[in-house]
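Student: I'd like to learn how to read the places where chains touch, and then how to look at a single helix. Can we go through it step by step?

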Protein chains: 4
Amino acid sequence: MKKIGVFTSGGDAPGMNACIRAIVRAAVYHGVEVYGIHRGYKGMIKGEIYKMDSHTVSNIIQKGGTILRSARSKEFLTPEGRKQAYEQLQKHEIEGLVCIGGDGTFTGANIFFEEYGVPIVGAPGTIDNDLYGTDYTIGYDTAVNTALDAIDKIRDTADSHDRVFFIEVMGRDSGYIAIPCAIGGGAEIVMIPEAETSIENVVDALRTGWNRSKTSFIVIIAEGDEAGNASQVAAQVQEALPHMDARVTILGHVQRGGAPTAADRMLASQLGIACVEGLLEGQKCVMAGIINGDLVYTPFIETITKDKLINPHFVKMVNILSV
Amino acid sequence: MKKIGVFTSGGDAPGMNACIRAIVRAAVYHGVEVYGIHRGYKGMIKGEIYKMDSHTVSNIIQKGGTILRSARSKEFLTPEGRKQAYEQLQKHEIEGLVCIGGDGTFTGANIFFEEYGVPIVGAPGTIDNDLYGTDYTIGYDTAVNTALDAIDKIRDTADSHDRVFFIEVMGRDSGYIAIPCAIGGGAEIVMIPEAETSIENVVDALRTGWNRSKTSFIVIIAEGDEAGNASQVAAQVQEALPHMDARVTILGHVQRGGAPTAADRMLASQLGIACVEGLLEGQKCVMAGIINGDLVYTPFIETITKDKLINPHFVKMVNILSV
Amino acid sequence: MKKIGVFTSGGDAPGMNACIRAIVRAAVYHGVEVYGIHRGYKGMIKGEIYKMDSHTVSNIIQKGGTILRSARSKEFLTPEGRKQAYEQLQKHEIEGLVCIGGDGTFTGANIFFEEYGVPIVGAPGTIDNDLYGTDYTIGYDTAVNTALDAIDKIRDTADSHDRVFFIEVMGRDSGYIAIPCAIGGGAEIVMIPEAETSIENVVDALRTGWNRSKTSFIVIIAEGDEAGNASQVAAQVQEALPHMDARVTILGHVQRGGAPTAADRMLASQLGIACVEGLLEGQKCVMAGIINGDLVYTPFIETITKDKLINPHFVKMVNILSV
Amino acid sequence: MKKIGVFTSGGDAPGMNACIRAIVRAAVYHGVEVYGIHRGYKGMIKGEIYKMDSHTVSNIIQKGGTILRSARSKEFLTPEGRKQAYEQLQKHEIEGLVCIGGDGTFTGANIFFEEYGVPIVGAPGTIDNDLYGTDYTIGYDTAVNTALDAIDKIRDTADSHDRVFFIEVMGRDSGYIAIPCAIGGGAEIVMIPEAETSIENVVDALRTGWNRSKTSFIVIIAEGDEAGNASQVAAQVQEALPHMDARVTILGHVQRGGAPTAADRMLASQLGIACVEGLLEGQKCVMAGIINGDLVYTPFIETITKDKLINPHFVKMVNILSV
């Protein structure tokens, strides 16, 4: 393999640049030419493909976002779109691909490999962490720390005013971000898609605390919780407990940005190298991940279809710690 | 004067604790006993009054929020409430007061002094900065830096995805927070209550940028802008420019918390000392502030009724810098 | 077991307070009385032992340092000292102990258990991470992120001035802190006790880079590297490469402080609960740790005598990434 | 004036990039071509001069360091060097210059203008703040906040271990950085070049505190204090007070880097615009500064020769606050 391409796709995540850097440098190290494909599958179709070298990725390890940019592509969902993408790769004589992204990225990669046989190795880049085949995804640790930093600030004001704060963190399908935010943020209650929490439970818990003369509370809600979003939950609780002063904060896109943490830079660097070395060693349609400290390649199809379950013990921890 | 009381009132602001510390230490330094009144006027009425000393304020200079807590008091708005407050002060032999807060706090202080003659000196503690009688209020610099830090993170993701972000910052009546966020955050557009910005202007500016092949934008909106809040503005812009990908982030209460910046700790320390020394020198119903580097005492009535205007040049700067 | 004691010992580490909080809350949750012993073994001997409850540990999860303080005790190294310590525990009817610390702490705990049979369970609290029986120690992740943040800042100035920076990070016996700092900080060279790096190698690497027109470099040195400390290494390199502008920064004690990261708060909370539950379930002279996501109790004697080896692959990564 | 050049010189400071951005955008806004001169006077002599436009300065406002790089030039101290520099400017048809730097930069600019009549306007870019003609220099606020953040971390460990920390901050000739670090960092003692502090005073103050059962202390030392550097002071104090556990931390180059604070971005943006507009309006050999909120142009010769005195009241504040 003499030429490979690299791209990022889906929602951006801190550490994507650190991973791009590792991919480019590993390619250079192993004597392989490397091309950056801009805007994911969209740019692949359009031929936004540029030569990269060691210098191109200087001083980006600490940057949030992705220098290769990202986009969603409707065309790549069509056979015609994928054909154009393949032709662009052929035109540039690109023999293998490394992609950084999540579910959607790997679904596309899987079809593309099946149709055109271009070997692809992926790195898990998403703040959500809900991807089978790796203990942690690139960007997750940073997103959690960013959210936690915001929660620390909100607790200052909650304590000063005897308020109940309902803080919504990212996580459409999972509580991976919500859990460490709740435990690390000293929250009294956590609401995640994986565990049922009724409004009644929340109201009871707050009332019990209040009667024990506790006057400020933090409730962490994953955006995908079945009880509704933070505003909906807060409104219902406020109705049941009118003497409490309920406030809502939705952390939002802040969680996607920022300089990656040390753990994310390490993970991104390890997996970036592993993607290139995997490709050179013949891996074809897999995601590189770290499980229990070991490098593991998992077929894309498994990363897409299998679930990674959150440790149920963590929910119980919130109860013990808010005693 | 042998005994003084100190309290915080209204919305909390970073640096309030640094100011409390300075007040307590200055009192000790000048041989005056000092009492902490919890929860503002509410606690004054209820007699939540406790002796403080040098140790009580150890290791709080860096803490957000207020260790004396804050609250809004409806009772203090009534003559009966103020009578009870005065009786509590008499009971504790408190001869003078130092308060940290904003508009509402000083309005209450002004009435209280007029009715009972208890000398009060105030320190401006509010993140909004829209208080006549001081160049900066305690908490303002921290709030701006917190907001800016969030905007830096959002720009990472805006750049990666070619998006328009509408970011709402605090400021119900003024653009004091919005302006440095826009200039420091590299925003293309700023919308503040003090200057009229129509949706048409915003749409035009974005369209012009887009046509010059600029693909990501940041619009900073003070919560009190006359064009509506960030969600309303974004919805209208999205309708006019359907090809753009508009997103909204409301920074919210995060802006109130966090460790105060160096400037806020300095200001809080200076003004805390100035409040105590002013009280001891016979100041009676005034706010301590720093104007052009000099300590100035301004009657509460002026701080409440006069406007502090934002430098109009700053709005023009946003235009120059986003060229 | 009705009453237990908790103390911190040795160098402080971020997350110790989060761990103390978890220990106290877990004890309360399980209906056990809990006493805080101040200043480690020193305070145990002197009887600095105070009742704690759920409130005592409110709002400390985010604080650096240890509210129980720490100290080194020469007296506890003597049989007489340990006898006094035991008598103090008896006096307070303390039946079990939880300690947070490192090598020295566990050595003391081991002897104390052997002599007096007081069950002790320990949590690994040290920024160094070189402790057998757990993948990570409490404080390590925070220390690495603090160091990395400083390195990011230094790189700004290195790049602006074409300089070689020799940055010394903590790690008397190991490169656990140095390695992620080097990989995450984009360093060209890392020098750790576990791998031999001669001054000649460093000079060669810098000269090679320079000849490839690279003009700024970062060299990370663990304080315990066999080639000497950062100042010594820098002086020798400067002599060999007089045209380069070498600078030295010793990060020092900054690495010990600060709010713990999310990962450290999670780890501290998990292990704090595990210490209490282990003690209640009959564990006696062991350290609680997390290995590959699982809770593991390791006899103190093993944590003291066995080595935890750093992944040698990480050193190679530095070479690949600085290509 | 149709073409102007911009360069940075001397030690780098956070906010230099924000200032470069403002200079370039203001030039574009006013229809003037702008060239970046790399590595200060050194690059001017060598002709490292490149066209810049609005895009060149995208997304740099938050970056530490200087994208134009900086260097010290011995050649520019010679008439021959300055002649070459002038010829390069003529070759590129550059009619005016904007420089960002400190004392040394302005000394060079002053001579250059006198010899060749090239109009130059400067922006004060140095973390030291000891420059006549402006209340604050670009980079100062950031450096202070960076130092303060480190001091907050060190206090965590000081408190946990009953230690005396001697922390050296930048400031070869002044205490501008040391003073807010001491006040904001809750230090007991500050030692600056502008005020005499004998070792005896320090020893007395520590002993007095110790006898009042205070057990941890922070002493802030400006690097240029006449009593010696932090290591020398600590050694003498340790000898006089052998029962105390003295530690030294030298913050060093970390203080130069990092994302600029809001205040530094505002100042840099204001002054960058002012430099360009000043040049276009006929200013010739002056530094732009902000004094009491107003834009002021001060002849370089005054900025070099006049002193900016630190407010002596600030030193007294440290005493009051550490009571």
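**Reading the contacts between chains**

Tutor: Sure. Between chain B and chain D there are 17 residue pairs in polar contact, with both residues at pLDDT 80 or more. Keep in mind that we're looking at a predicted model.

Student: Which elements of chain B give two or more residues to the side that touches chain D?

Tutor: They're helices H1 (16–29), H5 (140–161), H6 (178–184), H9 (262–280) and H11 (313–321) of chain B. H9(B) makes the largest share, with eight residues.

Student: How do the residues on that side of chain B divide by type?

Tutor: You'll find 19 nonpolar, 12 polar and nine charged residues on the side of chain B that touches chain D.

Student: And how many salt bridges are there between chain B and chain D?

Tutor: There are two. To spot one, look for a side-chain nitrogen of Lys or Arg within 4 Å of a carboxyl oxygen of Asp or Glu. Try it on Asp152(B) and Arg265(D): their side chains meet in a salt bridge, at 2.7 Å from N to O.

Student: How much area do chain B and chain D bury between them?

Tutor: About 3,600 Å², and 61% of that is on carbon and sulfur atoms. The contact involves 40 residues of chain B and 40 residues of chain D.

Student: What about chain A and chain C: how many residues does each give to the contact?

Tutor: Chain A gives 40 and chain C gives 40. These two chains bury about 3,600 Å² between them, with 61% on carbon and sulfur atoms. Two salt bridges are counted between chain A and chain C. You can look at Arg265(A) and Asp152(C), a salt bridge whose closest N and O atoms are 2.7 Å apart. The interface of chain A and chain C also has 18 residue pairs in polar contact, both at pLDDT 80 or more.

Student: Now for a single helix. Which residues of helix H8 of chain D are buried?

Tutor: In H8(D), residues 230–240, the buried ones are Ala230(D), Val233(D), Ala234(D) and Val237(D).

Student: Why do they end up on the same side of H8(D)?

Tutor: Because they cover an arc of only 95° around the axis.

Student: What do those buried residues pack against?

Tutor: Strands S6 (163–169), S7 (189–191), S8 (217–222) and S9 (245–250), plus helix H7 (199–211), in chain D.

Student: Which residue caps the N-terminal end of H8(D)?

Tutor: Asn229(D) does: one of its side-chain oxygens lies 3.1 Å from the backbone nitrogen of Ser231(D).

Methods:
Residues are numbered from 1 along each chain as its sequence is written. Chains are lettered from A and ligands numbered from 1 in the order in which they are written. This is a predicted model: local features need pLDDT of at least 70, side-chain atom pairs count only at pLDDT 80 or more; totals for chains, interfaces and linings use all residues. Side-chain values use heavy atoms; hydrogens and water are left out. Contact means heavy atoms within 4.5 Å. Buried area is the accessible area (1.4 Å probe) that two parts lose on being put together, summed over both. A polar contact is a pair of N or O atoms within 3.5 Å; within protein, one must be able to donate a hydrogen and the other to accept it, and residues adjacent in sequence count only if both atoms are side-chain atoms. Helices (H or I, at least four residues) and strands (E, at least two) are DSSP runs, numbered from the N terminus. Ala, Val, Leu, Ile, Met, Phe, Trp, Tyr, Cys and Pro count as nonpolar, Asp, Glu, Lys and Arg as charged, and the others, Gly among them, as polar. Buried means under 20% relative accessible area, exposed over 50%, partly exposed in between (1.4 Å probe, protein chains only). The arc is that of the directions from the helix axis to the C-beta atoms.
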